[in-house]
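Please open the model in the viewer and keep the sequence panel visible. The tour below proceeds from one selection to the next.

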Amino acid sequence: AGIELIRRLPSLPPVGLGPGTLTASIRWNLWISRNQLTFQKRAFTPEETLAKAISEAREWTLAQTQPTNPIQIPVRDKVSLLRFSAGIELIRRLPSLPPVGLGPGTLTASIRWHLWISRNQLTFQKRAFIPEETLAKAISEAREWTLAQTPLRNPIQIPPSINQDPSLGTATPHMYTYAAWSASIGCAGLGWIIDDTGSSSSHSATATFVKSPLIAETLAMRKAMTSAIDKGINSLLILSDSQTLIKLLNSKGRNLEIAGPLNDIYLLSTFFNNI
């Protein structure tokens, strides 16, 4: 109730502040002084705290009453800036020096950010940085940020991994893989056919503890590739009715469900000159 009452009372005439503004500033600076005494062992007299509160309240009031379009101060005629916010707005629009290689505003924001970081390092970590270090880091990170924002002018268009069925008229041996999976017993039948220069051979195998059709198709392809390697085939065109598996292999992708057999297929592919 007391806070609510004094918040509505006008400040003393010499202060020149409206109701509530000085009250909030005093409460804020009392809290800061208490923290300084508790954590930093620095004590401030009531007069110092009150003077700081009045000064900051006056700055806040001036900042709230500034015009929407502040007066632009030419650099050649600039002697001093009456308002900090007007100065920030001015330098934000100025280009950086040519050796820096940064556009207007970027370096200003980076310097302000690193000044704040350096202040916090000095206050809480007792680490002091010289101005040259702070400026060098601000320039470096501003340049990194600018490069990260620059898009590629002509990004490379990567065609889809599979856009049409492969040609079957080549002399390369063809291998067709397929699988049948039973969800009730968790088993799969694996089959593959190898067409090699006029001769054709069919093969089959079984697999247990198979949890999905995708796993069954992957196991069938792995078994078929092993069979082709045993036959001494070094060039192979593989065809499967599993579009998911084919797309995954052509894009060199990964899938947690078939991670083990998929890694085996990638390893087996290194035994072929062309696959």
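**First selection: Thr177**

In this predicted model, select Thr177 and display its surroundings: beyond its neighbours within four places in sequence, Thr177 is in contact with Gly191, Trp192, Glu217, Ala220, Met221, Ala224, Ile238, Leu239, Ser240 and Asp241. Next, colour residues 174–182, which form strand 1, the element that holds Thr177. Is Thr177 buried or exposed? Thr177 is classed as buried because its relative accessibility is 4%, and buried means under 20%.

**Second selection: Pro46**

Now move to residues 46–64, which constitute helix 3, and select Pro46 within that helix. Pro46 has a relative accessibility of 65% and therefore counts as exposed, the cut-off for that class being over 50%. Add Ser33 to the selection and draw a C-alpha to C-alpha distance between Ser33 and Pro46: the separation is 9.4 Å in space, with the two positions 13 residues apart in sequence numbering.

**Final view: the whole chain**

Clear the selections and show the chain as a cartoon. The chain contains 9 helices and 4 strands. Following the cartoon along the sequence gives the order α-α-α-α-α-α-β-β-β-α-β-α-α. Then switch to a surface display: the accessible surface of the chain is about 19,500 Å², and carbon and sulfur atoms account for 60% of that area. Of the 275 residues in the chain, 29% are buried. Lastly, consider the contacts between residues at least 6 apart in sequence; 53% of these link residues at least 24 apart.

Note on methods. Residues are numbered from 1 along each chain as its sequence is written. This is a predicted model: local features need pLDDT of at least 70, side-chain atom pairs count only at pLDDT 80 or more; totals for chains, interfaces and linings use all residues. Side-chain values use heavy atoms; hydrogens and water are left out. Helices (H or I, at least four residues) and strands (E, at least two) are DSSP runs, numbered from the N terminus. Buried means under 20% relative accessible area, exposed over 50%, partly exposed in between (1.4 Å probe, protein chains only). Contact means heavy atoms within 4.5 Å. Accessible areas come from the Shrake-Rupley method with a 1.4 Å probe; for residues, only the protein chains shown count as cover.
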